[in-house]
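Reader: I'd like to go through this structure with you and ask how each label was earned. Could you set the values against the definitions as we go?

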Amino acid sequence: MENKIDSLRSKIKSYVLKTILFAKQIPSDQVGKIVTTQLIRSVTSIGANFEEATEAESNNDVVHKMAIVKKEAKETMYWLGLIT
């Protein structure tokens, strides 16, 4: 049976990949490039920081990394909101 960490890892990876595919559809004009860059940076940071949290050296480190995940997810929603 898949554990909770692996399940969440899979969901995050799927979200990141879907967002990247969506970003590829954004026009590559000056504004589109800026927004796309910011979107990709924030959404990929979700996955990267989650992976770091799974290898954290202390409970405080886990909490800190997961707080970053939450902040990056919120930023990603901001950029998606601007685009839509």
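Reader: Thanks! To begin, why are α2 and α3 called roughly antiparallel or roughly parallel to each other?

Author: Happy to help. This is a predicted model, where local features need pLDDT of at least 70 and side-chain atom pairs count only at pLDDT 80 or more, while totals for chains, interfaces and linings use all residues. Residues are numbered from 1 along each chain as its sequence is written, and side-chain values use heavy atoms, leaving out hydrogens and water. The axes of helix α2 (residues 30-54) and α3 cross at roughly 155° and come within 8 Å. Angles under 35 degrees count as roughly parallel, over 145 as roughly antiparallel, 65 to 115 as roughly perpendicular and the rest as oblique. α2 and α3 are therefore roughly antiparallel.

Reader: What residues make the contact of α2 with α3?

Author: Contact means heavy atoms within 4.5 Å. Among the residues involved are Leu39, Ser42, Val43 and Ile46 of α2 and Val69, Ala73, Thr76 and Leu80 of α3. By class, the contact has 14 nonpolar, 5 polar and 4 charged residues. Here Ala, Val, Leu, Ile, Met, Phe, Trp, Tyr, Cys and Pro count as nonpolar, Asp, Glu, Lys and Arg as charged, and the others, Gly among them, as polar.

Reader: And what makes α1 and α3 roughly parallel or roughly antiparallel?

Author: Helix α1 (residues 4-23) and helix α3 (residues 59-83) pack at about 30°, with axes 13 Å apart. That angle makes α1 and α3 roughly parallel, therefore. The contact is made by Tyr15, Thr19 and Phe22 of α1 with Thr76, Met77, Leu80 and Ile83 of α3. These residues divide into 5 nonpolar, 2 polar and no charged.

Reader: Why does threonine 76 count as buried or exposed?

Author: Buried means under 20% relative accessible area, exposed over 50%, partly exposed in between (1.4 Å probe, protein chains only). Threonine 76 has 0% relative accessibility, so this residue counts as buried. Threonine 76 sits in helix α3. Leaving aside residues up to four places away in sequence, threonine 76 touches Tyr15, Leu39, Ser42, Val43 and Ile46.

Reader: Finally, how many helices and strands are in the protein chain?

Author: The chain has 3 helices and 0 strands, and its elements run α-α-α from the N terminus on. Helices (H or I, at least four residues) and strands (E, at least two) are DSSP runs, numbered from the N terminus. Buried residues make up 27% of the 84 residues in the protein chain.

How values were computed: Axes fitted to C-alpha atoms, helices over the stretch in contact; angles between N-to-C directions.
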